[in-house]
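Me: I have a structure open and I am new to it. Could you show me how to read its features, one at a time?

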Amino acid sequence: MNILITGGAGFIGSHIVRKLLETGNTPIVLDNFSAGTLENIPTGVKYYRMDILDKTLQSVLKDEKIGAIVHLAGQTMVDYSLKHPFEDMMQNIEGMVNLLEAARNTGVNRVVFSSTAAVYGDVNESDLPIRENHLLQPMSFYGLSKLTEEKYLEMYHKIFGVNYVILRFANVYGERQGIKGEGGVISIFAKCFAENKDITVFGDGKQTRDFIYAGDIADGIYAALLTTNVNTVYNLSTQIESSLLEVIGHCSVILKKEMNPLFLSSRAGDIYRSVLCNRRAKKFLKWNPKTDLEVGLEYTLNYFYKIVKD
């Protein structure tokens with residue numbers, strides 16, 4: 001199948017493109033290269049240097065006979081959304097509508113969308129791990145724009161019959177993250193370690209996240225392309241809560257080096273505890289995360305050390 005990967009030159013995109021190649025599919029990348037790099041696209045994979053807002057997007061879907069879309073493109077940073085809500089809205093909400101218009105007019109069978117745990121907001125400890133049917137109360141414009149994108153997918157299915165699968169990612173990390181600009185906390189730490197720089201922790205370091213390796217996310221996206229249980233939402237997560245201090249401790253063991261972070265005040269919009277229930281994805285997508293945090297951290301640290309050395 002010909003599958004369009006929006007944001008395919010980015011971090012998660014680079015992992016799903018490789019997964020699709022391994023499984024005999026034909027990935028076609030669409031990326032404006034604001035965060036992605038050409039080096040992330042394997043040799044021989046066709047790509048379009050194009051923004052998700054481009055009105056000629058429909059012609060790409062038609063010319064390439066696209067059967068399904070994995071939609072990863074967009075603004076992904078909580079902090080940036082709080083400083084630039086208009087840009088966040090343009091890239092995420094307008095970008096989604098432009099994509100869905102192109103999809104419905106060219107008969108695309110399925111849109112798999114990368115949503116986020118940020119749509120849940122700050123959840124009471126008694127409600128952890130968070131299930132897909134939990135009340136949605138985003139705390140940032142980023143979470144709000146992602147939730148709005150989900151609602152557009154639901155409406156386009158209801159009115160136009162466009163099928164979708166929404167995947168709410170936990171905190172994804174791995175190779176090729178954050179090379180051009182800010183990335184997730186693990187990539188920021190790994191880059192600092194590789195460059196022998198001090199690391200900064202916002203808050204007390206006891207805040208938790210559900211850290212999931214990008215290769216496991218790629219497996220989940222592929223499962224979402226195959227499942228018959230569509231037009232619904234799945235969390236992709238490990239269902240394991242890890243604090244920033246635990247991550248730093250694991251990195252210290254892997255690198256055989258003592259870490260002494262600088263602690264600063266917590267940031268507006270940041271959630272203190274987050275862990276997602278992955279029961280639905282295991283049941284209906286037949287998917288399981290395979291990579292332990294220590295193993296994924298070693299992959300990630302090795303990658304960043306190699307980048308710095310080269």
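Me: In which sense do strand E1 and E4 pair, and over how many bridges?

Reply: A good way to read a sheet is to go from strand to strand. In this predicted model, strand E1 (residues 2–6) and E4 are paired in the parallel sense, with 4 bridges between them. To place that pairing on residues, look at Ile3, which stands opposite Ala68 in E4.

Me: Which strand does E1 join through 5 bridges?

Reply: That is E2, and E1 and E2 run parallel. Here you can look at Thr6, which has Leu30 of E2 opposite.

Me: And what pairs with E4 besides E1?

Reply: Strand E5 (residues 110–116) pairs with E4 in the parallel sense, over 4 bridges. His71 has Phe113 as its bridge partner in E5.

Me: Which way do the residues of strand E4 point, and are they buried or exposed?

Reply: Follow the side chains along the strand. In E4 (residues 68–71), Ala68 and Val70 point one way, while Ile69 and His71 point the other way. All of these residues are buried.

Me: How many residues of strand E2 are buried?

Reply: Buried here means under 20% relative accessible area. In strand E2 (residues 26–31), 5 of the 6 residues are buried, so E2 is largely enclosed by the rest of the structure.

Me: Where is Thr37 found, and why does Thr37 count as buried?

Reply: Thr37 is in the loop between E2 and strand E3 (47–49). Its relative accessibility is 13%, and therefore Thr37 counts as buried. You can also compare sequence with space: Thr37 and Gly8 are 29 residues apart in sequence, and their C-alpha atoms are 9.3 Å apart.

Me: Now the helices. What span should helix H8 have?

Reply: The idea is to compare an expected span with the one in the model. Helix H8 (residues 244–255) has 12 residues, so at 1.5 Å a residue it should span 16 Å; the C-alpha atoms at its ends are 16 Å apart, which agrees.

Me: Which residues of H8 are buried?

Reply: They are Leu244, Val247, Ile248, Cys251 and Ser252. These residues cover an arc of only 140° around the axis, which puts them on the same side of H8. They pack against helix H6 (185–194), strand E8 (200–202), strand E10 (211–213), strand E12 (242–243) and helix H10 (293–309). Just after H8 comes Lys256, with a positive phi of about 55°.

Me: How far does helix H5 reach from its first C-alpha to its last?

Reply: Helix H5 (residues 141–160), with 20 residues, reaches 27 Å, close to the 28 Å expected at 1.5 Å a residue. Its buried residues include Tyr142, Leu147, Leu153 and Tyr156. Among the elements covering the buried residues of H5 are E4, helix H4 (85–106) and E5. Gly161 follows H5 and has a positive phi, near 80°.

Me: Finally, what can I say about the whole chain?

Reply: Begin with a count: the chain has 10 helices and 13 strands. With 310 residues, a compact globule would have a radius of gyration near 19 Å, and the chain has 19 Å, which agrees. Of its 310 residues, 53% count as buried. As for contacts with a separation of 6 or more, 78% are between residues 24 or more positions apart. The chain exposes about 14200 Å², with carbon and sulfur atoms supplying 51% of that area.

Notes:
Residues are numbered from 1 along each chain as its sequence is written. This is a predicted model: local features need pLDDT of at least 70, side-chain atom pairs count only at pLDDT 80 or more; totals for chains, interfaces and linings use all residues. Side-chain values use heavy atoms; hydrogens and water are left out. Helices (H or I, at least four residues) and strands (E, at least two) are DSSP runs, numbered from the N terminus. The expected span of a helix is 1.5 Å times one less than its number of residues. Buried means under 20% relative accessible area, exposed over 50%, partly exposed in between (1.4 Å probe, protein chains only). The arc is that of the directions from the helix axis to the C-beta atoms. Contact means heavy atoms within 4.5 Å. Two strands pair if DSSP finds at least two bridges between them. The radius of gyration is taken over C-alpha atoms; the globule rule is 2.2 Å times the number of residues to the power 0.38. Accessible areas come from the Shrake-Rupley method with a 1.4 Å probe; for residues, only the protein chains shown count as cover.
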